[in-house]
Amino acid sequence: MQVLMKKAIIIICAIAIFVSLDAYAADAPPLDITLSKSSNVRESEAGVILVSITNHSTETLLLPKPFTPLLQPEHRLMNNIFLVTDEAGKPVRFIGRAIRMSPDAKQEYFTRIEPGQSLATVVHLDSDYEISAGGSFAVSYEQWYGGLEQYKTNDVPLKKIKSNVLHIYVNTSLINGVKMSMAISAATTDDPGKPCDAAAQLPAIKSAENVALKFAANGQDAMTKMYSFSTATESGKQVFRAKVLPTTDYTYWFGKPENDSPSFPKVPLVSDVWTQTDFIPFHIVRGTYNRLLSSPTYMCGCRSDYPPTTAAWAETPKPYLIHICDFFFSIPKFEFGSDSQVLTMLHELTHFDDKYAPYIGDFPNGYGHAAAHNLALSNRPQAVTNADNYAYFLEAINKNYK
Ligand SMILES: [Zn+2]
């Protein structure tokens, strides 16, 4: 009897293992993302890492160009792709670029990785993350991807795969030396661009800037009208809570407010609450408006290693300098519902980090109208910290602009 029981258990175990292996095969990630150290210790300790991406699936997969390290115009990442944390586990500051590619031009927007193909690249983390003080860091990233259907539809969300977490040690004294020896010197990494042509380029840029300023001013007014408070008596004392009176546009782009403000002994100022999800939009819209009032400056022309549908880019620690690429001049100044110069400008202005507002980035699953709206429905904390949600909110409240 006991023997029979044992046999039965062994058979059940065997089935369980077989089923779980089968399930594993079905769920096996289609992409493998591996971060590794450079075998050259000098490079490794200067913050140089290797990235390898392999497509294990039987289908061609598409990776959004601004959100993969495979493309690095001027040897710089196109966006804040990596999570780099210090010894205390705190993310280090991103000091890199935010490159605006048109999400509408889908053929250009993605890079392909074929079944069985492996692609590899080298990343100089010190160019884009503040690791120059040295020490130990943990590095990882999530690679977003989709299938060929991405060329045709906005309705299928992108998926993501996590890389391994790579632990590196950075030796400050090596950073500069390795850069020089790898011929990625300041001359090639920091192309200052050219001044914009006073006759052919600046008038168009200034005209778009004026419209962007009008849009942001209207945004600021709209936020002021939405800010309110409620009052109640708690333990015999009167208390006040900040409240959003949302418009349809607010809810569409930032989601339905929770209206869960903490209580205050007097009417709270918007600055008392604007780190809360409901009120982050008040802060960022104000920041965008003030940055436009702070005379943005422009450089024109982008090197040939930028994808051709790059409209503009900005570098977070360099307020309010916007680099304008040729593609910018081929899109309309403003056309409701499509990519435009005004949206490009509003989008880029959210990427700075200054006294007016904190830096916000781009979520790869929130790029373009459909994806950004989807974030508002599915993930409010991301929607209120995603550049496109602001560009589209400001577009929406100015939809009647001619
Ligand atoms: Zn951006």
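**Exercise 1. The whole protein**

What percentage of the 402 residues in the protein are buried? Then describe the make-up of this predicted model.

*Solution.*
Step 1. Start with burial. Buried residues account for 39% of the 402 residues.
Step 2. Take the secondary structure next. The protein has 14 helices and 17 strands.
Step 3. Look at the contacts between residues at least 6 apart in sequence. Of these, 70% join residues at least 24 apart.

**Exercise 2. Confidence**

Find where the pLDDT falls under 50 over residues 1-5 and 183-188, and state how many contacts each stretch has.

*Solution.*
Step 1. Begin with the average. The mean pLDDT is 91, and 89% of the residues reach at least 70.
Step 2. Go to the start of the chain. Residues 1-5 stay under 50, and the model gives them zero contacts beyond four places in sequence.
Step 3. Move on to residues 183-188. Their pLDDT is below 50 too, but this stretch has eight contacts beyond near neighbours in sequence.
Step 4. Draw the lesson. Where pLDDT is low, predicted coordinates should not be read in detail.

**Exercise 3. Strand β8 and its partners**

Which strands pair with β8, and over how many bridges?

*Solution.*
Step 1. Locate β8 at residues 135-145.
Step 2. Pair β8 with β4, residues 82-85. The two run antiparallel over four bridges. Here L83 faces S140 of β8.
Step 3. Pair β8 with β10, residues 166-170. This pairing is antiparallel, with five bridges. G135 stands opposite V170 in β10.
Step 4. Pair β8 with β9, residues 159-162. Four bridges join them, again in the antiparallel sense. The bridge partner of Y145 is K159 in β9.

**Exercise 4. A sheet of three strands**

Why is one side of β12 and of β14 left without a neighbour in the sheet?

*Solution.*
Step 1. Write down the order. The open sheet runs β12-β13-β14, with antiparallel pairing.
Step 2. Find the edges. β12 (227-234) and β14 (263-264) stand there with a single partner strand each, so one side of each lacks a neighbour.
Step 3. Check a pairing. β13, residues 237-244, is joined to β14 by two bridges. F240 has F264 of β14 as its bridge partner.

**Exercise 5. A sheet of five strands**

Which strands are at the edges of the sheet that contains β5 and β11?

*Solution.*
Step 1. Read the order: β5-β16-β17-β15-β11, an open sheet with mixed pairing.
Step 2. Pick the ends. β5 (97-101) and β11 (194-195) are the edge strands, each pairing on one side only.
Step 3. Zoom in on β16 (residues 310-315) and β17 (residues 321-324). Three bridges join these antiparallel strands. A314 has I322 as its bridge partner in β17.

**Exercise 6. Two helices that cross**

At what angle do α7 and α11 cross, and which residues make the contact?

*Solution.*
Step 1. Locate the helices. α7 covers residues 202-226 and α11 covers residues 341-349.
Step 2. Give the geometry. Their axes come within 9 Å and cross at roughly 65 degrees. The crossing is right-handed.
Step 3. Name the residues. α7 supplies A208, E209, V211, A212, F215 and A216, while α11 supplies Q341, V342, M345 and L346.
Step 4. Sort them by class. There are eight nonpolar residues, one polar and one charged.

**Exercise 7. Helix α12**

Which residues of α12 are buried, and what covers them?

*Solution.*
Step 1. Scan α12, residues 369-378. Its buried residues are H369, A371, A372, L375 and A376.
Step 2. Look for the cover. It includes α8 (248-254), α13 (380-383) and α14 (387-397).

Notes:
Residues are numbered from 1 along each chain as its sequence is written. This is a predicted model: local features need pLDDT of at least 70, side-chain atom pairs count only at pLDDT 80 or more; totals for chains, interfaces and linings use all residues. Two strands pair if DSSP finds at least two bridges between them. A residue is buried if 20 or more other C-beta atoms lie within 10 Å of its own, exposed if 12 or fewer, and partly exposed in between; C-beta atoms are placed from the backbone. Two residues are in contact if their C-beta atoms, placed from the backbone, lie within 7 Å. Axes are lines fitted to C-alpha atoms, for helices over the stretch in contact, and angles run from 0 to 180 degrees between N-to-C directions. A crossing is left-handed if the near helix is turned anticlockwise from the far one by less than a right angle, and right-handed if clockwise. Ala, Val, Leu, Ile, Met, Phe, Trp, Tyr, Cys and Pro count as nonpolar, Asp, Glu, Lys and Arg as charged, and the others, Gly among them, as polar. pLDDT is the predictor's confidence in each residue, from 0 to 100.
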